[in-house]
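Q: I would like a close look at one part of the structure shown here, together with enough of its surroundings to place it. Please take the reasoning step by step.

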Amino acid sequence: MSKIKQGLWYQCKKSHPYFTEGNYYYAPSDDTLNDNRNRPYLVMPCERSHFGKGEVIRIASPQR
């Protein structure tokens, strides 16, 4: 089981009461993901397998 690391985005592989399968969730701190209501949720070790590997996602701002 990999650790949830701050600053990365994790894709949910299995729906959970606080997470929806296929959606990406941001890790504001280690072992914590923002849930569907954008509130920090402490991810327990047994739940880490429900998420893919952490990714860096950059969103380009529109050019003016």
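How many salt bridges does a search of the whole structure find, and where do the partners sit in the chain?

A: The model is a predicted one, and a search through the whole of it finds one salt bridge. That bridge is formed by Asp31 and Arg48, whose closest N and O atoms lie 3.1 Å apart. Because Asp31 is in the loop between strand 2 and strand 3 (32-34) while Arg48 is in the segment after strand 4, the pair ties together parts that are 17 residues apart in sequence. As a general matter, side chains of opposite charge can pair when their charged atoms come close. For this pair, the separation of 3.1 Å falls within the 4 Å that is required between a side-chain nitrogen of Lys or Arg and a carboxyl oxygen of Asp or Glu.

The partners can next be placed with respect to the solvent. Asp31 has a relative accessible area of 17% and therefore counts as buried, the limit for that class being under 20%. Arg48, for its part, is also assigned to the buried class, because its relative accessibility is 17%. Buried residues make up 30% of the 64 residues in the protein, and Asp31 and Arg48 are among them.

The backbone at the acidic end of the bridge deserves a separate remark. Asp31 has a phi near 65 degrees, a positive value in a residue other than glycine. Asn38 likewise has a positive phi, of about 60 degrees, although it is not a glycine. Asn38 lies in the loop between strand 3 and strand 4, whereas Asp31 lies in the loop between strand 2 and strand 3. In accessibility they fall on opposite sides of the scale: Asn38, at 57%, counts as exposed, while Asp31, at 17%, counts as buried.

On the basic side, Arg48 belongs to the segment after strand 4. The C-alpha atom of Arg48 is separated by 16 Å from that of Pro28, with their positions 20 residues apart along the chain. His50, another residue of the segment after strand 4 (40-42), counts as buried because its relative accessibility is 17%. If neighbours within four places in sequence are left aside, His50 is in contact with Gln11, Cys12, Lys13, Lys14 and His16.

One of those partners, Lys13, allows the contacts to be read from the other side. Lys13 is placed in the loop between strand 1 (9-11) and strand 2. Leaving out neighbours within four places in sequence, the contacts of Lys13 are Glu21, Ser49, His50, Phe51 and Gly52. For Gly52 there is also a C-alpha distance: Lys13 and Gly52 are 6.5 Å apart in space, although 39 residues separate them in sequence. Gln63 provides a contrasting pairing with Gly52, since 11 residues in sequence here go with 31 Å from C-alpha to C-alpha. Gln63 is itself in the segment after strand 4, and with a relative accessibility of 81% it counts as exposed.

It remains to set this part in the whole. The protein has four strands and zero helices, and it reads along the sequence as β-β-β-β. Taken along the principal axes, a box of roughly 45 × 20 × 20 Å holds its C-alpha atoms. Of the contacts between residues at least 6 apart in sequence, 38% join residues at least 24 apart. As for charge, there are 10 positive and 6 negative side chains, and the centres of these two sets lie 4 Å apart. The exposed area comes to about 4800 Å², with carbon and sulfur atoms supplying 50% of it. Tyr24, Ile57 and Ile59 make a nonpolar surface patch of about 300 Å². Of these, Tyr24 is in strand 2 (residues 24-26), and because its relative accessibility is 34% it counts as partly exposed.

To return to the request, the salt bridge joins Asp31 to Arg48, with Asp31 in the loop between strand 2 and strand 3 and Arg48 in the segment after strand 4.

Notes
Residues numbered from 1 in each chain as written. Predicted model: local features only at pLDDT ≥ 70, side-chain atom pairs only at ≥ 80, totals over all residues. Heavy atoms only, no water. Helix = DSSP H or I, 4+ residues; strand = E, 2+ residues; numbered from the N terminus. Buried < 20%, exposed > 50% of the residue type's maximum accessible area, 1.4 Å probe, protein only. Contact = heavy atoms within 4.5 Å. Areas by Shrake-Rupley, 256 points an atom, 1.4 Å probe, with all protein chains shown as cover. Lys, Arg positive; Asp, Glu negative; His and termini not counted. Charge placed at Lys NZ, Arg CZ, Asp CG, Glu CD. Patch = residues over 30% accessible without salt bridge, like charges linked within 9 Å, V, L, I, M, F, W, Y side chains within 5 Å.
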